[in-house]
Amino acid sequence: MAKKEALTTTRMLLVLTFLISLFSLSMCGNTSFSIDYNGNTFVLDGKPFRAISGSLHYSRVHPYYWHDRLLKMVAGGLNTVQTYVPWNIHEPKEGEYNFKGLADIELFLQTAQEVGIKVLLRSGPYICGEWEYGGLPAWLLSIDPNMIVRTMDPGYIAAVDKWFDVLMPLLKKYLHENGGPILMVQIENEYGSYFACDFDYLRFLYKKARGILGETAIIYTTDGDGAAYVKCGSIEGSYITIDFGPTNNPVANFAVQRQFQPQGPLMNSEFYTGWLDHWGNPHAHTNLDTVCKSLDKILALGANVNMYMYEGGTNFGYWNGANAPPYQPVPTSYDYDAPLNETGDITDKYIAIRQTISKYQKLPEIPIPPNTPKGKYGTTQMNFVSTIQDALDVVSPDKPVYSTYPLTMEQIRFYYGFILYRTKLPRDINQLTPLLTKGVRDRGYVMVDQVPQGIFIRDDVIQVNITGKQGQMLDILVENTGRIGFATLMNYNVKGLTENITLDGEILTGWNIYPISLENINSSIISTRQGSGPKLNNGLLTPSIYMGKVPIPTSDPEPKDTFLDMRPWVKGQAFVNGFNVGRYWPKMGPQVTLYVPKPALVSPSLPNYLVMFELENTSCPPSQPCNVIFTDKPFINAIPAGSSFSVREIKEGYNWNLRV
Ligand SMILES: CCCC/N=C1\SC[C@@H]2[C@H](O)[C@H](O)[C@@H](O)CN12
C-alpha cells in the first residue's frame, strides 16, 4: 500500500478511535481535569494527577514518526507531552490555513489520544522555541513593518483575534473534558521576559481563550524563574508555572511560584535536559547526572515537571529561528542534547531519566520501542544543473517585481528562503569599487554577470568591492537565514534588502526583484538547462543547483532514515524528492550532516532525487562537481566543546579540522 494511502488509513483509524473514546468517555460523564488548591495537586477524573511530561514539537518531527516518538515517551515513564502551536506554519499567508503534514495538529492530538499520553498545549500566539520569528507569521510585517508584536498594537491584535477564532475551537474539541488528550492550554510564552509588559494584551488573550474554551478549561502561563518575570507574565485567572534548569535549586525556584500562587500544584514547565545551538558554536551538552539529580529533587517535592526538550527533532525547511544581538541563526538540527535524539533514538540520558522516574511512578509494562534502522547508502555524484540566474524561469516563474529602490521580502509578500535583486551597472567599473549597504538580512551573495564578487553578512560585512562593465547584471542573492524569535529585536524583523545599495557613494536604482521558490525544481529541469556553468572567483562559485540520485540498493529496497554528509560543499539548502530537509553549513558547524527521514524517500522502483542549492563553493572544479555521502550516523558536534572562536572566524566559517 502506498505511503499516502497508509497515512490516510491510519488517519481514519485514529479519527475512529478518537470518536469511540469520545463517545465512551462522554457516556461516563466523569472526564474532568482541575486543580485542587488545598491538596496542591491537579485532579484527573477525580484522582490526584502529577504531570511527568516532555516537550516534543509536532512541527519538528515528520508525522510518520509521531506515534513512534510518543510511544517512546510513554515507555520512558512520561504521562504527558507538551507541544507548541507555531502560528506561522498554520497560516503561512494571511487568511490561508494549513493543517497538513508537519502542521496536522489534529492527527498529532489523535495520535496522542491513541497512544494514551496527555497533552500540555502551548497555543501562543508567540512560542519562542528557536522557531522562525518565535512562531509569528512573517506577513504581520507586511501589515506594518514597525508593528510592536506581543502588545495591543492594532495590526497585531487584529490578526491574533482572527487566528484564535480558528485555533481555539479546534483545541476545544480535544480538551480532556470533551474526551480529548489536552489537559491545559498555555497562552503566550515567557511574556514576563518581554519588554512590553502589556497587561491589556495578556487579558485579551486570556479572555479570548476563556470565551471559546469554556469556564472549566485550565489556562496557564509559563515564565522564567524570577519575580519580575512572573509579575509581567501572568494574568488573573490563568495558572502560573515557571521554568528553570538542572543547575538551579528547585526549592528556591518553586518559592517564586509560591510567591504569586501560594497554593496549587508546583510546576516546572521547562526543565532543561539540554540546550539550543547556534551555527558556529559547539553543540550544546548537559551532563546526564546533573539532569537526573535535579529531576529527582523536583519529583521528590511532588512537583509537576515538563522536560524541555524530550525530543527536539529538526527545523526542516526554512523554519529555524535566530537570536540577537549579535544576530545568530539556529541550525537545522534541534537535537537539544535531548533524551530522544534528533532522529528519535534512545540515549543514555533517556535510560537514566526513565530510571529516575521509576522511583516515583510505576513504569508502564511496555517494551521500549527500538531505534529506527539507518541507511548507509554511500556516495552519490552531484551533477551541475544550472546557476540560479539560468533557472529563474523555473524558480521564479512570475514577472519580477520592479522598484526604483530595493524592497524587503515582506513588501513583496514573499517571506522565506531566498530572493534575488537585479540591476545594471551604471558605468564601467575598471578598479575594485566599494558596493556598500548595512541593510542585508541576512547574507547577500554579490555577482556581476554571474561572476561572484563577495558576500554581505548581516551585522558584519557591509562592503563588497566589485568590478564590471556598464550594463552588466549586478545580482545580489539574499538569504533569509531565520527571523529573530526572542526579546526586543523581534520587532522590525524584516528580511531581504532593507536599505539602499551604494556604488562608490551613488545610490543604485532600478531593481528587478525575484522571489526564489526552490521547491519548483524537479528532475524534469535537468535536460532543459543549457547554462554555461558556475563561475569561480574570489574563492566563490556562482550559487547553483546540483542534482543527484540517492543510491538505495535494490538488494535492500525498503528506504531507511539516513544522514546526508555534504562535505566538502560549504553552505546551501537540500531537498529530497521535493522535501525541504533544511539548511546545510558543514564549513560553519557544529552540524555537518542533515537528517533525511525515511518518509522523504520512496522505494528504489522510483528514483530518489537529491537537489542541492549550493551558495558558496566546494573543493571540486566547476566542471566536475563534488559527490555527497549518505551515511548511517549523525555528525552534529563538529566544533570541539569549549571552543571559542572570534566573531570573524564564526562569520567566515572557521576552517577547523572537522573530526569524522
Ligand atoms: C535566557 C534566555 C531565555 C529565553 N528562553 C528560552 S531559550 C531556550 C528556551 C526555548 O526558547 C523555550 O521555547 C522558551 O520558552 C524558553 N527558552
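This report walks through the cysteines of the structure above and the disulfides they form.

The model is predicted, so local features need pLDDT of at least 70, side-chain atom pairs count only at pLDDT 80 or more, and totals for chains, interfaces and linings use all residues. Residues are numbered from 1 along each chain as its sequence is written, and side-chain values use heavy atoms, with hydrogens and water left out.

A disulfide is a covalent bond between the sulfur atoms of two cysteines. Here a pair of cysteine sulfur atoms within 2.5 Å is taken as a disulfide, and by this rule there are 2 disulfides.

| Disulfide | Sulfur atoms apart |
|---|---|
| Cysteine 197 and cysteine 232 | 1.8 Å |
| Cysteine 620 and cysteine 626 | 1.7 Å |

Let us take the pair of cysteine 197 and cysteine 232. The torsion about its S-S bond is about -90°, so this disulfide is left-handed. The link of cysteine 620 and cysteine 626, with 105° about the S-S bond, is right-handed. Counting bonded cysteines along the chain, the pattern is 1-2, 3-4.

Which cysteine sulfur is nearest to that of cysteine 128? It belongs to cysteine 232, 17 Å away, and cysteine 128 is in no disulfide.

How accessible are these residues? Buried means under 20% relative accessible area, exposed over 50%, and partly exposed in between (1.4 Å probe, protein chains only). Cysteine 620 is partly exposed at 21%, whereas its partner cysteine 626 is buried at 3%. Cysteine 232 is buried as well, at 13%. Cysteine 128 is buried with a relative accessible area of 10%, and cysteine 292 is buried with 10%.
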